[in-house]
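Reader: Please take me through one part of this model at close range, starting from a single side chain and its neighbours. Then work outwards to the strands and the core. Keep it brisk.

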Amino acid sequence: MSTDFIMPAAPSPSARPNPKLPKLGRDKHGMPFYHPAQLNRVVRTTAYTHSELDHRGYGARNAVGTPLKYTDQVRSAAADWSVYPLGTRFRIKGEPYIYVIDDYGSALVGTGTIDIYQPTKELMRKWGLRVVEIQIIQWGSAKQSMEKLASRTRFNHCARMQAALKEQSRHRKAVR
């Protein structure tokens, strides 16, 4: 990963954590966890590619088993599915693409970081580490995330995401 760090211009007022919503703390990188009602947010992003050593076993496929996307319209991204469930669609401010969460990574679990798919190591390094403003277009499905993770809980990071999703589900039921 590049050592370059790109910080965005001052975020839009709508991307700052809303003080009227419950505070959900910060991740290990010091980035805030946002309430799901807040669709605009500032997030830490990194990049990955399918030719990295820890991804070679999967080839250019995501956690769902379909090809990773990198088109003029839609691009793949990975995240902790308990923060950004499978299928979550978002835009990065200043970019024309729609990103879809269709992958995850063990280093992302417990963070709000989004890993942006790049088809080459050169593009991955060029992306580096960026803090960007995003807008959630559509939330993905916690249910589909839990279903996909159910058979993978022998892996610690999958078990952690599954447990967090179950806890969120219990909390939602208790609030009703």
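Author: **From a loop residue to the strands**

Gln38 touches Ser14, Ala15, Arg16, Pro17, Asn18 and Leu21, leaving aside residues up to four places away in sequence. The model is predicted. Gln38 is found in the loop between β1 (5–6) and β2 (40–48). Is this loop residue, Gln38, buried or exposed? Gln38 has a relative accessible area of 7%. Buried means under 20%, so Gln38 is buried. A polar atom of the Gln38 side chain lies 3.1 Å from the backbone oxygen of Asn40.

Now the wider frame. The protein chain has three helices and seven strands. From the N terminus on, the order of elements is β-β-β-β-β-β-α-β-α-α. Of the 176 residues in the protein chain, 43% are buried. Among contacts with a separation of 6 or more, 69% are between residues 24 or more positions apart.

**Across the loop to β3**

A second loop runs between β2 and β3, and Thr71 has its place there. Thr71 has a relative accessible area of 40%, so it counts as partly exposed. The side chain of Thr71 reaches the backbone nitrogen of Gln73 at 3.1 Å. Thr71 and Ile98 are 27 residues apart along the chain. The C-alpha atoms of Thr71 and Ile98 are separated by 9.5 Å.

Strand β3 (residues 74–78) follows. Five of the five residues of β3 are buried, and the strand is mostly covered. In a regular strand the side chains alternate between the two faces of the sheet. In β3, Val74, Ser76 and Ala78 point one way. Arg75 and Ala77 point the other way. All of these residues are buried.

**The partners of β3 and β5**

Which way do β3 and β5 run relative to each other, parallel or antiparallel? β3 and β5 run parallel, and five bridges join them. Ser76 stands opposite Val100 in β5. Ala78 has Asp103 as its bridge partner in β5. Two bridges join β3 to β6, and this pair runs antiparallel. Here Ala78 stands opposite Asp115 in β6.

β5 (residues 98–103) has six of six residues buried, so the strand is largely enclosed by the rest of the structure. Strand β4 (residues 89–92) also pairs with β5. β4 and β5 run antiparallel, joined by two bridges. Phe90 stands opposite Tyr99 in β5. The hairpin of β4 and β5 has five residues between the strands. In that hairpin, Gly94 takes a positive phi near 90°.

**The rings around Arg75**

The structure holds six aromatic pairs. In one of them, the rings of Tyr97 and Tyr99 have their centres 6.3 Å apart and their planes at 85°, so the pair is edge-to-face. Tyr97 counts as buried because its relative accessibility is 19%, under the 20% limit. Tyr99 is buried too, with a relative accessible area of 1%.

Ring pairs also link Tyr48, Tyr70 and Tyr117 into a cluster. Arg75 of β3 meets a ring of this cluster: it lies over the face of Tyr70, at 3.7 Å from the ring centre. Arg75 meets Tyr97 as well. The charged end of Arg75 sits over the Tyr97 ring, 3.5 Å from its centre.

**The core**

In soluble globular proteins, nonpolar side chains tend to be buried together. Here the largest nonpolar core has 27 residues. Which of the 27 touch the most other members? They are Phe90, Ile114 and Ile134. Eight elements are worth listing for this core: β2, β4, β5, β6 (114–117), α1 (121–127), β7 (129–138), α2 (142–150) and α3 (156–175) each give it two or more residues.

Ile114 ties several of these parts together in one contact list. Leaving aside residues up to four places away in sequence, Ile114 touches Val43, Arg44, Thr45, Thr46, Ala77, Ala78, Ala79, Tyr84, Phe90, Ile101 and Ile134. Ala77 and Ala78 in that list are the β3 residues that point opposite ways. Phe90 in that list is the residue that stands opposite Tyr99 in β5.

Technical notes:
Residues numbered from 1 in each chain as written. Predicted model: local features only at pLDDT ≥ 70, side-chain atom pairs only at ≥ 80, totals over all residues. Heavy atoms only, no water. Phe/Tyr/Trp six-rings, centres within 6.5 Å; stacked < 30°, edge-to-face > 60°. Buried < 20%, exposed > 50% of the residue type's maximum accessible area, 1.4 Å probe, protein only. Lys NZ or Arg CZ within 6 Å of the ring centre and 35° of its normal. Helix = DSSP H or I, 4+ residues; strand = E, 2+ residues; numbered from the N terminus. Pairing = 2+ DSSP bridges. Polar contact = N/O pair within 3.5 Å; in protein donor to acceptor, adjacent residues only side chain to side chain. Contact = heavy atoms within 4.5 Å. Core = buried A, V, L, I, M, F, W, Y, C linked by side-chain atoms within 4.5 Å.
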